[in-house]
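Thanks for asking for a second pair of eyes on this one. Here are my notes, set out point by point so that you can follow them with the structure open.

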Amino acid sequence: MAVIQQLDDALSNKIAAGEVVERPASIVKELVENAIDANSSQILVEIEEGGLSSIRIVDNGTGIEPNELELAFSRHATSKIKTDRDLFTIRTLGFRGEALPSIASVSRVNMQTSTGSAGMQVELEGGKIVHKQPSEARKGTTIVVTDLFYNTPARLKYLKTVLTEAGHVSEVMNRMALAYPHIRFHYVSDGKTVLKTAGNGDLRQVIAQVYGRKTAEKMVPITGSSLDYELSGYIAKPELTRANRQYMSIFINGRYIRNFKLAKAIQQGFHTKLPIGRFPIAVLKLEMDPTLIDVNVHPAKLEVRLSKEEALSEMIAESIKKALSEETLIPEPKKEN
Ligand code: ADP
Ligand code: MG
């Protein structure tokens, strides 16, 4: 018998799931990204017990053609890229074609979808389709993920308490809402609404929902641009700081990213205005040509590579300095009531 063998799909999907599906929050992230890529204007996310017992996501996006629904659950099947050139000009949040098969391989999944004419529903267990039937034709997609990690006991043990997992999901939802103020998000945990946004495009309003109204009132708008980059967003006045870096959010082309140098640039923009050991609150949106950013670095796509990081850092720091110096010239707005 040969020593080296090709792994079957179920096993290789489970291995991929180890990278993409770390915890309930990573599932929520992948599925909400799919809903956004499908041009949804409304996204409902409901979790039970921190997402451990159930995650349900309802969107009103384009839906999947009934005859392609099975394919969507097979590895490396994607509608988002076709050629290797597309890999360098990514405008969607997804492109790896790994989320659905990975998630399905470590849970039970029920997906119902329709492009508006016919509808289709599939049920999968451990990545295998166990049931398939035509369904209603309401445009959009509903996916329900239950019994997460039921077949990967080690991963299940690694998960933290319901409260901790729910907290991670909330973080994901906050970032999604901040990244997409034009989308109406409704996030419900154990029957209670945690976040509900208007979807009217008003970023300051979303900041108020995520960080509270008082904080939002202390934020000032920021803009900046250079040959390659467009910057917009809000920063808190230096009188309002936080004890950790978590409150600096950077979005590049609609994707939340983590980048040490850019976070440093934000702090440099505040310069001496920040007390030692304190960090700013900032929501920065960067738009750039997708050829300037490589998102194909990490399966979860949190880390990216930027080709002109120095120039970008400078622009961010300068824009913050400018916004803060203009701010000191403008008197405080009168408080209502
Ligand atoms: P990727 O997002 O990287 O393409 P996924 O495994 O997440 O890979 O999804 C596979 C494909 O299924 C997507 O490319 C898309 O065509 C389709 N799909 C997944 N979720 C949705 C959704 N909510 N609405 C419409 N299409 C979807
Ligand atoms: Mg995806």
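**Notes on the predicted model**

1. Let me start with a loop. F149 sits in the loop that runs between β6 (140-146) and α5 (153-158). Please keep in mind throughout that this is a predicted model. The phi angle of F149 is near 60°, a positive value in a residue other than glycine. As background, most residues other than glycine have a negative phi. Is F149 buried or exposed? F149 falls in between: it has 19 other C-beta atoms within 10 Å and is classed as partly exposed, because a residue needs 20 or more to count as buried.

2. A second positive phi turns up at N253, where the angle is near 45°, again in a residue other than glycine. You will find N253 in the loop between β11 (248-252) and β12 (255-257). N253 has 20 C-beta neighbours inside 10 Å, so this residue counts as buried. I would look at both loops on screen.

3. Now for the overall picture. The protein chain has 10 helices and 15 strands. Its radius of gyration is 21 Å, close to the 20 Å that the globule rule gives for 337 residues, so the chain is as compact as a globular protein of that length. Along the principal axes, the C-alpha atoms fill a box of roughly 70 × 50 × 40 Å. Buried residues make up 38% of the 337 residues. If you count contacts with a sequence separation of 6 or more, 65% of them are between residues 24 or more positions apart.

4. How is the chain divided into domains? The assignment gives domain 1 (9-196) and domain 2 (218-329). The C-alpha centres of the two domains lie 29 Å apart. Where they meet, 14 residues of domain 1 are in contact with 13 residues of domain 2. On the domain 1 side, the elements that give two or more residues are α1 (9-20) and α6, and α6 provides the largest share, 3 residues. That side is made up of 8 nonpolar, 2 polar and 4 charged residues.

5. Next, the interior. The largest nonpolar core has 81 residues, and the members that touch the most others are V28, V32, I103, I207 and I316. Helix α6 (residues 162-179) supplies the largest share of this core, 8 residues. Both domains take part, since the core draws at least three residues from each of domain 1 (9-196) and domain 2 (218-329). In soluble globular proteins, nonpolar side chains tend to be buried together. For a closer look, try V32: leaving out residues up to four places away in sequence, V32 touches I43, V45, I57 and M176.

6. Which residues come nearest to ligand 1? There are 22 residues around the ligand, and N34, A38, T78, G94 and A99 come nearest. The elements that give two or more residues to this shell are α2 (24-37) and α4 (99-105), with α2 making the largest contribution, 3 residues. By character, the shell has 8 nonpolar, 9 polar and 5 charged residues.

7. G94, one of the residues that come nearest to ligand 1, merits its own point. G94 lies in the loop between α3 (69-72) and α4. There are 20 C-beta neighbours inside 10 Å of G94, so G94 counts as buried. Setting aside residues up to four places away in sequence, G94 touches E33, N34, D37, T78, K80 and A99. Among these, K80 is 14 residues from G94 in sequence, and the two are 7.1 Å apart in space, C-alpha to C-alpha.

8. Lastly, where is Y247 found? Y247 is in the loop between β10 (229-236) and β11. With 17 other C-beta atoms within 10 Å, Y247 is partly exposed. Apart from its neighbours within four places in sequence, Y247 is in contact with R242, F279 and I281. The C-alpha atoms of Y247 and E287 are separated by 20 Å, and these residues are 40 apart along the chain.

Definitions and conventions:
Residues numbered from 1 in each chain as written. Chains lettered and ligands numbered in written order. Predicted model: local features only at pLDDT ≥ 70, side-chain atom pairs only at ≥ 80, totals over all residues. Helix = DSSP H or I, 4+ residues; strand = E, 2+ residues; numbered from the N terminus. Rg over C-alpha atoms; globule rule 2.2 N^0.38 Å. Buried ≥ 20, exposed ≤ 12 C-beta atoms within 10 Å, placed from the backbone. Contact = placed C-beta atoms within 7 Å. Near = placed C-beta within 6 Å. Nonpolar A, V, L, I, M, F, W, Y, C, P; charged D, E, K, R; others polar. Core = buried A, V, L, I, M, F, W, Y, C linked by C-beta atoms within 7 Å. Domains from an automatic or database assignment.
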